[in-house]
Structure formats: C-alpha cells, structure tokens
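Colleague: Before I use the descriptive labels attached to this model, I would like to hear the reasoning behind them. Could you take me through it?

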Amino acid sequence: MPDLSVPHENSGEVTEPPKSAAQLKKEAKKKEKLEKFKQKQEKIQSQNVEKTVKKPKEKKEKEVIIYDKNIAPGEKKDISGSMPDAYSPKFVEAVWYAWWEKSGFFKPEYGGRDITSVSCEDKFVIVIPPPNVTGSLHVGHALTSAIEDCITRWHRMKGKMTLWNPGCDHAGIATQVVVEKKIWKEQQKRRHDLGREKFIEEIWKWKEQKGDRIYEQLRLMGCSVDWDRATFTMDPKMSRAVTEAFVSLHEDGLIYRANRLVNWSCTLKSAISDIEVDKLELPGRTLLSVPGHKDKVEFGVLVSFAYPIEDSDEEIVVATTRIETMLGDSAVAVHPNDSRYKHLHGKYVLHPFCSRRMPIVCDEFVEMEFGTGAVKITPAHDPNDYEVGMRRNLPFINILNDDGTLNDNCAEFSGLKRFEARAKVLAALKEKNLYRDTKDNPMVVPICSRSKDIVEPMLKVQWYVKCEGMAQKAMEAVKNGDLKILPDVHIKIWNRWLENIRDWCVSRQLWWGHRIPAYYVTVKGRTEAGDAESENERWVSGRNEDEAREKAAKKFNVSVEDVSLKQDEDVLDTWFSSGLFPFSIFGWPEETKDLKAFYPGTLLETGHDILFFWVARMVMLGLQLMGKLPFKEVFLHSIVRDAHGRKMSKSLGNVIDPIDMINGISLEALHASLLESNLDPKEIEKAKQGQKVDFPNGIPECGTDALRFALCAYTAQGRDINLDINRVEGYRHFCNKLWNATKFALMYLGSDFKPNPEFQLSGHESKMDLWILSRLSYAVESCNTGFETYDFPAATTACYAFWLYDLCDVYLESLKPVFQSGDEVSIATAKEMLYTCLDGGLRLLSPFMPFVTEELFQRLPRRQSDSVISITVARYPVPEKFTWKNSDLEKAVSFALNIIHKVRSLRSDYNLAKNEKLDLFLKCDDEETKSQLSGLHETILTLSSSATIHVVDSEGIPPGCAITTISENCEAYLLLKGHIDINKEISRLEQKKEKLDSQISKLRQATEVPDYESKVPAAVRESHVEKITLTEGELNKVIQAIGTLKVMDS
C-alpha cells in the first residue's frame, strides 16, 4: 500500500483518548503479575499431565512429486497418464496459471464481450489495494489476495463480466529509503550528492530490477487479475490524473497552503502520518536507541523545574517529559479557577536561558489536580499547546532544524542534537538551582516505523485539502444506503472520523513521488516582504508551466514576460494518488472506453486499518471529481495475528512469509532469513527463540490452495485472525482427501463412463443417492449465500463438510456394496450421482482452491451439453438448479449415521479389530423409528462393519451383547460373546480406568490452588472444566464396559 505519509495534526484519524500515566503503570504491573502466574500454572500443569501425554510420532517427510513434462509457457497442461498416488502441491500447481493467463480467462473481454454494452447488474469490477513496489508478499497481502480472488472467481463463474484490476504503488517514503540505503552501501553517497534527477533515475533503475517481484508472487497466489491493465502509480497516465486532480481542486479553492503542526521524522526530513508512527508504551524510565545518537536516550520520566516570577521571589513549578522543549516555551498556563495562582494572573515568568518574558495565561484545558496545576506551553512542538497558542495568541517558537538539531532560537544550546540538548538543559537547570525532581512516568513514545527515529511535532508550511464538505457527502452516501460498509460495526467509526475530520496535509518533503504542480510567483520589479512562500496568494497551479505562467500573469495583472515561476520541491502524499486509483487507472481525465465501462466499480475490499487513509479518500475524491461513488460496497477484513493472538513482529520471530507456507521452509532457513532483516543482534537471537518455539520443525509445504482456503475460512467478520500453521497444513490434508476421493471415484466410474447430457432423476435412486444430492443442494445454497454476504467461513465450511463428511466419509463408503452387487441399474444410477457430486463439488470449491480443482476437473468427463474448457470459466452451481433439499430424508440418514457412530464407538471401547464383523441388533420402540431405517440397512451394515443387522423387540436380543443408547426410542446391541477374551479385556479396561482416575485427580489438584477463582484467567479455568468433564465421560464409559463384560462372564 502507499507510504502512509499524513501528518498527525491533520490526518483526521480518531484515536482512543491517551491513557494516563497511572493507568499505564497499573496495566503494566497487572500484565507482569498475570504473566508470572500464568507461567507458574503452565509449569504445574505440564508437570501434572506430562506423564500421561504420549509423545507425538515424528512426522515423516512427505514425498515431493514434481510435474516434469515439457510444456511451452502458456500451453495447456498435459495430464495424460495415471494420477500420482498422493496430492502434491508442486505437481498440481504447475503450468495452470500461465495457461489461464494466455487463454484470457481473466479479461473482461473473454468470450468476445463488448465491455461497453454490459449492464451494471451483469458485471463485477474491483481494484486491488496496490501493494508497495518495494514489498514482497506478506500475510496481509495473502489474505487480501485470497478474499478478492475468490469473490472475483465466483462472479466470473456466475457468468458476469469481471475485472480485477492489479496495480502497484510507488510508495514514496519506503522506496526512497530503500534506494538511499542501496546507494550509500554501493557508492557511499547520499541523495543530495547525486541531485534530484540522478537520484530519481536510480529509483527507476531499481524499480525495473525489483518491481515485478510482487506481481510474480500474486501469480503464485493464483490471483485472476487482468495483467494487461496492471498500473503503476507513477505511470504517465497516473501522473496526468494526479496533476489534473490537484489543479482542479486548487482552482475550486479546496487546496491551500498553511503553517501547522505535523509529525516530523528528523531522519527522513519529512512529514509522516499517524499510520507511519508506531506507539511504544513505556511503563516508566527506559533507555532507547535513537538513530544518530551513540548513547541510549532516557524516556519515561517526568522532570519538574521552576520558572522564576518576574519582579518577585516566587516561582512556578512545571513538569515535562521532554525537557529540551522548554527552550521553545512561550507561556505557562494555569486553570482560571485555581485559587493557588489567582494572584499570578497577568504576570510573567522569566526564561532562564533565552532572555524571554513569558505570560502566565489562564486556560480551562489545564487539569488543576494533575501535578502542580501549572503547565508549560510550547505551541510549536505540542498538539495541545498548539491549540492553547492559537487561542491565546502566543508566539510559536520553533527550536528544531529539519535534521533534529537545535536552531538559533536556543541560546547556548544551538547546534546540539536534540537529545544531547536534553542532558545539557537538565544540567544547566540544576546549575541555576531551578531543577526540582525526576519521577518515573509511564508514557507512549511515537516512533517512525520507517526510520525508527523519535517523531517530533513541528510547525511546517504544507499544502492542505479542505475536507469538511467532501466528508459530509461521504457520510450521506452511507446514511442513505448508496454506499454499504461491512461489517457494519465500522459505520460508527466512519461517521465519527468524518464528523471530526481535519484538513488533509498532502505535501511531503521527498523526491520520489508526484511533484506538486504548484509554482511560486515572483513579478519583475516587485519585492515580497517576510516569508512570502507561505502565503497562498503567491502561488498558482497549472497542468504545465505555460498554463501556470498565464494564470500568474492574469492574477497579478502583468504580462507573461514579467512572471518568474519556481515549482514546489515537495511531492504529493502517496495517498493522494491512491485516492484517485478507482478512476485514474482507466485513463481519467480522458473519457476512455475503460472509464465508461468500469467506473464506478462494484466492491472495494481491504483491511479495516486503512478505512480512513485510503477508503474514505477514494470516496471523497470520487464524489468530488467524478460526481459518483467509486464503488457500491466496502468489505473490510481483519488483522492477521500469530497463533497466540500476538501482533506479527520480526523481533518476536512470528512473522510468516506466505511463500514459505506455500513452498515449506526449514527452521535453519527461517533463522537465515532473520539475518537479511534490519534487526539488531539481540533482537535476532530473541526472534530465533520465537521461531524455535512456534516452528520447531520449520514450516511444512502446504501449497497455495490450502493457504487460500485457510485464510478465507478464518475470515469471520469483525474478528482478528490468529493464523495457525497447523490449520493451514490441515487444509493441505484436505486437498489430499479431495485427490484420493476423486481418484477413487474415477476408478468407480471407469474410463468409458459418459455422463448423461443433462442431469435428471431417473426414479431408480437409493435413499443414499437422494441424500447426497440433498447435501449437495444444501452446500450450493450455503456457498452462494456465503459469497453474497461475505460470510466466507460459511462457504468454506459448506465445501469442507460436503467433501469430507458427506461425500468421502459416508457416500463413497456406502457405494462399495452397490458396485459389488452386479445390479446394472443401481450401478448406473450411482455413477451418474457420483459424477454429479464430483462435478458440482469441484465447482463449489474452485474460487477458494483454483489449482487442485482445475487439475481434478480436467480429469473428469464432460456432459454433452457442457463444452467449457476450464473450471475457471465454468458455471457456478446455483440454488435455482439444485432444488433437491430433503429435510425428512436428511433426518433419517442422520439417525442412521448416529447409529453407525455409536456402534463404532462401542467397538472401540472393546478394542475390536475393524475386519471383525459382529451381529448388530437394533431395538426400536415405535414404528416411526423403524420406518426411518427403511432402505438404510445396507448402509448401516457397511459403515458399522457389522456382519448382520436385525431390527427386533426386547425378546429378540441374545445374551452376551454390549448395549448403547441411540435415542429415547432406540438401542443398539452388539453381540460380543465368542468374539473377545473377556478376562483380557477386563484387565485392559481396569488399567485404563486407573490412568483416567489419575488424570482426573491431577486435573482437580490444579484447580485447588489458593485463590484459583480470582487469579487464574477465565479461559484457563474453562479449559480445566472441559478437560475434567471429557475425562469423566470417558471414565464412565470404561466403567460401563467393565460392568457389561463382568455380566457376560458370570
């Protein structure tokens, strides 16, 4: 995404109120205490259950199967020959993408469509949140890509004209920093040594070398974007749009120049935004490393010192966390109702170093109860003090140069680095007997995420966009339903931010970016007084220099020859060009064919963290410049965290590169990747330890499909995502299940199978045939509803459940006796149903898992009426065509499956081998229960590994049976007598009972520690209760089994 460079004072972001020092300190102590207690509990618990937990078996290395046929790039994959024995991501994901791309499946024109004649209802348009050209794919990109691609693929399969437009952002700060470091490393030169033109040439060279990396990674993720329309935000058409937007807004009076507070990075020598500022919470006194300073700098303390009252022996004590800023003080403020200082109203204090008289002003923002009730006011270096300065008409005294050294306003401290001055000012105050004390003070330190420098609030002349009117229109669009924001929890935040919006600072002190098309005007024979460059009236904008010159001549009523122009050195905030993205990529301001066809778009999907920085600005600029909303819906996904719920951080070693999840990586290679980062040696060691804990065996190869499916399955609206590698690997096993099921099903179908031209019920279907069709119909409805409502977990769950639990675990198993029966009608009916399930199930899954579904789809025969060449452009199953839901039948089969589950559990209790078939007796107390089982006996017999099945009353049950309750009207009896060694089984179960008793005892001990209820977190207590309940349930079953066996033996 863009470089995120928006000054704090004007960024308009609504944040939570800052925590007080006392709150921060209390929270830090509580967190520390809870962590210690948690570690102690975990230690006790691990000691208690250590002996009862079996060591997991070492995982065998999966065989890597490679696709090794020689296929020309863009040609269709040759899948002739037998299927490999097991699923292999490298085999499956090879070749397909290049064929999709060359075939034009991702283009809106595919199939000969005229893009200008398609109605809004029949098209789907989405633009990618353009990733930084400097970047490589991270988990946030992977989540965005997975969600956006599955939505796009679904719409494409629904028959709509689709366009997912890719792009890449020039990322002003990020790119400039990377290239500056590269030049310094290779040439020992700074950008100023090269000059602006040469430096920008170096950036373009670097972009040509590295800029395609992110695109290749998007291909690896299977993203179905139209690459022919890929746009870089510094492309000529984008520069043209940016210039037009700036000039148009300036001409309308919506862009102006002003001197205000911004977040300043002294290392970058530029304004930066809130989103570029990391907020580091300190519990108290802390020493931090600061770029450009050899020694660590003290933070987290509150220093009190005194200002002497003019013409008096009194003093007034104030306190600050940044003692060096007292050099820029221009007043002391007290609350007007504070009786302690009423006699000082209107008096002055004397600055000890700067020969400055400073008024004691009254302002209600002062908290009388905090500290001494007197506050030093530094309007040029503090947001709150800035407001006081404006209200009380105080001098704004800047004490810093752009590089963070002290300027000429600082007396004997001028020229010092700001944090060197911190120590020297403190020493000078002590020397003058004005120092009072230093206390620990929990605080939040703002740190530049790019340079790791401490951010300084500074007064700077910048360009601003008036936002109030545009913000009002953006709020109205949501209020009247023209723009829908999901999840709707974000609507309140949207409104709160827009209601309190401040004007947007759009200028940046960089060289890489869109140079501001504004010119400072000087007129021959006229002189300007003071700092005229800060005056709005001295500036004009223009689409080119000639236009600007003509504007200047007209404005000052002089001839063109008398005008001299100097273009602003600054560039525009990257979010400015990104805010134009939905229409600038289509050629605006020209009325292009693409612009008419694809603006406005359908959906904007992105992370909720850039709702204000990007989404709101696209909406405001779209309405202002185009007169239309840029999209109809906004879907905001959550933040990805690690498996423990922690924010991903290089220093914790928990950052997961999605490419490593796709291809797999060893622990050693993970360690090696840390050496390429900018972490210091201590942090690298800490990160290595984190990697050892989280990935002791490295990261297994999961493949693209499993990663995409996992990310979509995690995306529950409004919740952060705790990404667990084990879950991703679990979906790789799911891919293997798909592979094996399809391979097995194709064996059933046979090489000569041809499906009917259209699927229709023949009347010969068994109950299980009709049941699987009902389950498929349910999955079709759930998937479509999930996509329509952006409920991706509902859609992934429906796909997963259908394939794994319905098709593989039940239906395929139930078909074994059918195919062994020799009944040609039943076999033909089952084949047609099986094919329908495979074809429909793969299509349902395709938006989430494009590679494996294409591979398997290509191996299926086609219906005569279906000539589709790729699942990418196949029709998605829709509820209107899958109308076979049957709730009564599903209830009956569910009852039968419950019998199967209970009988299997009973067999497990008595340690019976799978191939040992026993007689099963079902006692049903009413006719309704018996009728439910009609037509399902064969399925129960097969899936429960029974020899025979008998539906009986009480008199028909032979002695020597184990019993299990199915429902209030049904019991199952398994004839054990003659099949097991009763004494041996009793001995085994007695040993198991002893182990379970011991486990329960140890678990109870863990809950009986002192202050358990008050000190142990609720989640841990719930876990203990759950473990005890499960273990007690298992113990009861063992006791019952022992009782049954003893009765048999008597």
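The exchange below sets labels against the values and cut-offs behind them.

Modeller: Please keep in mind throughout that this is a predicted model. The protein chain holds 34 helices and 33 strands, and its C-alpha trace spans about 115 × 75 × 55 Å along the principal axes. Of its 1050 residues, 53% count as buried, and among contacts with a separation of 6 or more, 78% join residues 24 or more positions apart.

Colleague: Why are helix 13 and helix 14 called roughly antiparallel to each other?

Modeller: Helix 13 (residues 468-479) and helix 14 (residues 489-499) pack at an angle of about 160 degrees, with their axes 9 Å apart. Angles over 145 degrees count as roughly antiparallel, and the two helices are therefore given that label. The crossing of helix 13 past helix 14 is left-handed.

Colleague: What makes up the contact of helix 13 with helix 14, by class?

Modeller: On the side of helix 13 the residues are Ala471, Ala474, Met475 and Val478, and they meet Ile491, Trp494, Asn495, Leu498 and Glu499 in helix 14. By class, that contact has seven nonpolar residues, one polar and one charged.

Colleague: Why, then, are helix 23 and helix 28 called oblique?

Modeller: Helix 23 (residues 704-714) and helix 28 (residues 850-857) pack at an angle of about 125 degrees, with axes 7 Å apart. The band from 65 to 115 degrees counts as roughly perpendicular, and antiparallel needs over 145; the angle of about 125 degrees fits neither of these, and the pair is therefore oblique. Thr704, Asp705 and Arg708 of helix 23 make the contact with Pro850, Phe851 and Val852 of helix 28. These residues divide into three nonpolar, one polar and two charged.

Colleague: How do you know which strands are the edge strands of the open sheet?

Modeller: Four strands form that open sheet in the order 6-5-18-20, with antiparallel pairing. Strand 6 (270-272) and strand 20 (504-505) each pair on one side only, and these are the edge strands.

Colleague: What makes strand 5 and strand 18 count as paired?

Modeller: At least two bridges are needed for two strands to pair, and strand 5 (residues 255-265) and strand 18 (residues 456-465) run antiparallel over ten bridges. One example of a bridge partner is Glu456 in strand 18, which is matched with Trp264.

Colleague: Why is Val563 given the label it has for accessibility, buried or exposed?

Modeller: Buried means under 20% relative accessible area, and Val563, at 4%, therefore counts as buried. Val563 lies in strand 24 (residues 563-567). Leaving aside neighbours within four places in sequence, Val563 is in contact with Val521, Thr522, Arg549, Ala552, Ala553 and Val558. The C-alpha atom of Val563 is separated by 100 Å from that of Leu989, which is 426 residues away along the chain.

Colleague: How do you know whether Tyr811 is buried or exposed?

Modeller: The same cut-off of under 20% applies, and at 0% relative accessibility Tyr811 therefore counts as buried. Tyr811 lies in helix 26 (residues 792-821). Once neighbours within four places in sequence are left aside, the residues in contact with Tyr811 are Met768, Asp769, Trp771, Ile772, Asp806, Ala830, Met833 and Leu834. Of these partners, Ile772 is 39 residues from Tyr811 along the chain, with the two C-alpha atoms separated by 6.8 Å.

Methods. Residues are numbered from 1 along each chain as its sequence is written. This is a predicted model: local features need pLDDT of at least 70, side-chain atom pairs count only at pLDDT 80 or more; totals for chains, interfaces and linings use all residues. Side-chain values use heavy atoms; hydrogens and water are left out. Axes are lines fitted to C-alpha atoms, for helices over the stretch in contact, and angles run from 0 to 180 degrees between N-to-C directions. Angles under 35 degrees count as roughly parallel, over 145 as roughly antiparallel, 65 to 115 as roughly perpendicular and the rest as oblique. A crossing is left-handed if the near helix is turned anticlockwise from the far one by less than a right angle, and right-handed if clockwise. Contact means heavy atoms within 4.5 Å. Ala, Val, Leu, Ile, Met, Phe, Trp, Tyr, Cys and Pro count as nonpolar, Asp, Glu, Lys and Arg as charged, and the others, Gly among them, as polar. Buried means under 20% relative accessible area, exposed over 50%, partly exposed in between (1.4 Å probe, protein chains only).
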